[in-house]
Amino acid sequence: MASNSWQQSLKTALSGKGSERLDKHPQYNPDAARLFAPVISPQMDQQIDWTDDNDPLLRQFIPAKDELIDATSLSHDPVGDVAATQATGVIHKYHGRVLLIASGSCAVNCRYCFRRHFAYGQQYAPRHNWQAAINYLAGDNSIHEVILSGGDPLTLQDDTLQGLTTQLEDIHHIKTLRFHSRIPVVMPERIDQSWQQWTRKLSLNKVMVLHINHAGELSPAAGHAIAQLRQAGFTLLNQSVLLKGVNDSAQALAELSHALFRHRIMPYYLHQFDRVSNAGHFEVPQNQAHDIYQQLRQLLPGYLLPKWVQEIPGELAKTPLSG
Ligand code: SF4
């Protein structure tokens, strides 16, 4: 099958060639790159202001020397994914909702990713086919929502995704399909006609939780992809991670909420940093985060204020951090 443009972009990103500038940047650290492969999409390469060493997008994708610090207080599995795994690629933490690790790849590797040490080789569903996951979902009628995550589920081909969703549609207690994806923003060409055609026909409720940390990520091309998602009937939400040097000010977060709203995306979560090994330099200490959030509260109408939360292993819901 001939590659279309998003497949070519993904191939370029995954081969480490999404940017000709990243590995020439003075902050690029080859030892950090060996710890977690640098992956950046051509779209993000264009969005970065390469004249600014403190560019908030650059910081999210460049392997930096700070990653070589592996403090013992950090963890390879900070949110307890391993303990919550019920079948290959099936993570069941919360009532009624189950997360499928649908893919082990992303169009960008975010240096702060809480799954940067995740054993995708053994732990994602399509590699072992979907059957174990489908059996698990079919066998528990309290499950009403399936979350496709990863990695990024939109790295999968449409026919692979469609093969899965057709089986989900046949399980009568499943009502909602949720995608967790960064791709509509970092690789907007993915939301093409073929994607539109099959997702429009889905009979399940459709939710897309995007992952956008900074207003600068929202290019016109991303805006177009988001509009296509809306037209296909997706409810659009966003989750961000509070990250030092990226969005650690009330101003930056308020700008993000307003930018999201212009695209009809509702701010959903602001995650306190998940304390993953080799990424501690992204952490905003909780007392400082508290001050930022209080200021943010004053800047935004309530409906644009994301919930500031932390995922604590073993808890039955995310823990709200604001009083
Ligand atoms: S896109 Fe999501 S899963 Fe992939 S590296 Fe970034 S944060 Fe992690």
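Let's start with one contact between strands. I147 has a bridge partner in β5, and that partner is R178. Keep in mind that this is a predicted model.

Now zoom out a little. β4 and β5 run in the parallel sense where they pair, and 4 bridges join them. These two strands belong to an open sheet of 10 strands. The order is easy to remember: β1-β2-β3-β4-β5-β6-β7-β8-β9-β10. The pairing across the sheet is mixed. Which strands are at the edges? They are β1, residues 85-87, and β10, residues 319-320. Each of them pairs on one side only.

Next, the pockets. How do we look for them? Rolling a probe the size of a water molecule over the atoms shows where empty space is left.

The largest pocket holds about 1100 Å³ of space. Its lining takes in 49 residues. Nearest the centre of this pocket are F114, R115, S149, G150 and H180. Which elements give two or more residues to the lining? From the sheet, we have β2 (90-94), β3 (97-101), β4 (145-149), β5 (176-181), β7 (235-241) and β8 (266-271). There is also a helix on that list, α8 (183-186). So what kinds of residue are these? That one needs a count by class: 26 are nonpolar, 12 polar and 11 charged.Where does the ligand sit? The ligand sits in this largest pocket. Around the ligand we find C106, V108, N109, C110, C113, G151, R182 and H211. By class, that shell has 4 nonpolar, 3 polar and 1 charged.

On to the second largest pocket. About 170 Å³ of space lies there. Its lining is made of Q27, D53, N54, D55, R59, I62, A64, K65, D66, G245 and H281. Sorted by class, the lining has 2 nonpolar, 4 polar and 5 charged residues.

One last residue: Q157. You will find Q157 in the loop between β4 and α7, and α7 covers residues 158-169. Is Q157 buried, exposed or partly exposed? Its relative accessibility is 30%, so Q157 counts as partly exposed. The cut-offs explain the label, because buried means under 20% and exposed means over 50%.

How far apart are Q157 and L296? In sequence, 139 residues separate Q157 from L296. In space, their C-alpha atoms are 39 Å apart.

Methods: Residues numbered from 1 in each chain as written. Predicted model: local features only at pLDDT ≥ 70, side-chain atom pairs only at ≥ 80, totals over all residues. Heavy atoms only, no water. 1 Å grid on protein atoms, 1.4 Å probe; cavity = no way out; pocket = protein on both sides within 12 Å on 5 of 7 lines; lining within 4 Å. Points joined across faces, edges and corners; volume = space filled by probe spheres on them. Nonpolar A, V, L, I, M, F, W, Y, C, P; charged D, E, K, R; others polar. Buried < 20%, exposed > 50% of the residue type's maximum accessible area, 1.4 Å probe, protein only. Near = heavy atom within 4 Å. Sits in = over half its atoms within 2 Å of the grid points. Pairing = 2+ DSSP bridges.
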